[in-house]
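Me: I am new to this structure and should like to go through it by question and answer. May we begin once it is displayed?

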Amino acid sequence: MEDTILIIGACGQIGTELTERLREVYGGKNIIASDIREGNDEMMAAGPFEIVDATNKEQILEVIEKYNVNQVYLMAAMLSATAEKYPLKGWDLNMTSLLAVLELAKDKHIEKVYWPSSMAVFGNTSPKMNTPQKTVMEPSTVYGISKVAGEHWCNYYHNKYGVDVRSIRYPGIISWKTLPGGGTTDYAVDIYFEALKNKNFECFLGENTRLPMMYMKDAIDATIQIMQANSDQIKIRTSYNLGAISFTPKEIANEIKKYVPDFSISYKPDFRQDIADTWPQIIDDSQARKDWGWKHEFDLASMTNDIISNLKKSKEYSL
Ligand code: AKB
């Protein structure tokens, strides 16, 4: 049977590029993009699109039945910084959507589910260097709490009902096509736009705050790779640690200065500093590398080169 995939939250930072790549891999008509609002022109033209509220199980089921969907990627979520402002809304969106999709898989409406977790599952009591796959997880944020709980729900539905659900703990994801919204790692995206536009950037994290990060292209590769792996390669049904690069605001700024020599950065830490301080600095992702062959391609230098050369193609950022 041909795979038909529904992406819930297709207009977000990761969803946009995931939709684009899945349409290249599986063909436009086999990828149903959905969100609570319409996508950009490119997304709307390249394949089917449906308005779907991620917390509405009946609406999701209607789309699954309409297109004969057999896989769901649930990308809708409220990220760490926004969920601190709206804790109950964050919990509701992150949990209700996951349980809706897991129930639909339990009832055999779909065969496979992808759900993203985050390094936010770790907290102050977790080791910060080479944070292991299995360790203490006492998150300090609502987002982190929802991700730990979600991971256990995934594992439960797999063990109890045989649901084929797969998950990755994303680090901060850096992209240039679609901006992130409401995360603690968002500075590492904004910095490129501000450097090219205004040649200066005020960072909401301190200069030496080291966090695990990853270029979008690597994140999309990992996401598709874990979904295409044989079921017996997926030994962890909570979520896999995933790492690539770790850097500080000062280090990324120095890399950008190679392209924008008069770029300057200043630091004004806000409430997001407290969140970042509880997260890992470097993640041990050896289990993902061993089980399903994960490896990253981009380091800080090659990512910066790729982002800046792409942004410079647009008039607005051509310096
Ligand atoms: C956030 O900053 O909230 C996200 C994440 C690390 O999951 N980018």
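Me: From which domains does the lining of the largest pocket draw at least three residues each?
Reply: The model is a predicted one, in which local features need pLDDT of at least 70, side-chain atom pairs count only at pLDDT 80 or more, and totals for chains, interfaces and linings use all residues. Residues are numbered from 1 along each chain as its sequence is written, and side-chain values use heavy atoms, with hydrogens and water left out. Domain bounds come from an automatic or database domain assignment. On these bounds, at least three lining residues come from each of domain 1 (5-170) and domain 2 (173-213 + 244-311).

Me: What is the volume of the largest pocket?
Reply: On a 1 Å grid over the protein atoms alone, a pocket is an open set of points where a 1.4 Å probe fits, with protein on both sides within 12 Å along at least five of seven lines; lining residues have an atom within 4 Å of a point. Grid points are joined across faces, edges and corners, and the volume is the space filled by probe spheres set on the points. For the largest pocket this gives about 830 Å³.

Me: Which residues of the lining lie nearest the centre of the largest pocket?
Reply: The lining of the largest pocket holds 38 residues. Elements giving two or more residues to this lining are α1 (13-26), β5 (112-118), α6 (142-161) and β7 (172-174); helices (H or I, at least four residues) and strands (E, at least two) are DSSP runs, numbered from the N terminus. Nearest the centre lie G12, M75, A76, A77 and L79.

Me: Is α1 largely enclosed or not, and which of its residues are buried?
Reply: Buried means under 20% relative accessible area, exposed over 50%, and partly exposed in between (1.4 Å probe, protein chains only). Ten of the 14 residues of α1 are buried, so this helix is largely enclosed by the rest of the structure. The buried residues are Q13, I14, G15, T16, E17, L18, T19, L22, R23 and Y26.

Me: How far does α5 reach from its first C-alpha to its last?
Reply: Helix α5 has 20 residues. The expected span of a helix is 1.5 Å times one less than its number of residues, and for α5 the expected value is 28 Å. The reach of α5 is close to that value, at 28 Å.

Me: With which residue does E103 form a salt bridge?
Reply: A salt bridge is a side-chain nitrogen of Lys or Arg within 4 Å of a carboxyl oxygen of Asp or Glu. E103 lies in helix α5 (residues 87-106), and because its partner is three residues away, the two are separated by about one helical turn. The closest N and O atoms are 3.5 Å apart. The partner, partly exposed with a relative accessible area of 25%, is K106.

Me: How many residues apart are E251 and R210?
Reply: The side chains of E251 and R210 meet in a salt bridge, 2.7 Å from N to O. This pair links distant parts of the chain, with E251 in helix α9 (residues 249-257) and R210 in the loop between β8 (200-203) and β9 (211-215). E251 is partly exposed at 31% relative accessible area, and R210 is partly exposed at 23%. Their separation along the chain is 41 residues.

Me: Which partner in the salt bridge between K258 and E255 is buried?
Reply: The two side chains meet at 3.1 Å, N to O. K258 counts as exposed at 60% relative accessibility. The buried partner, at 11%, is E255.
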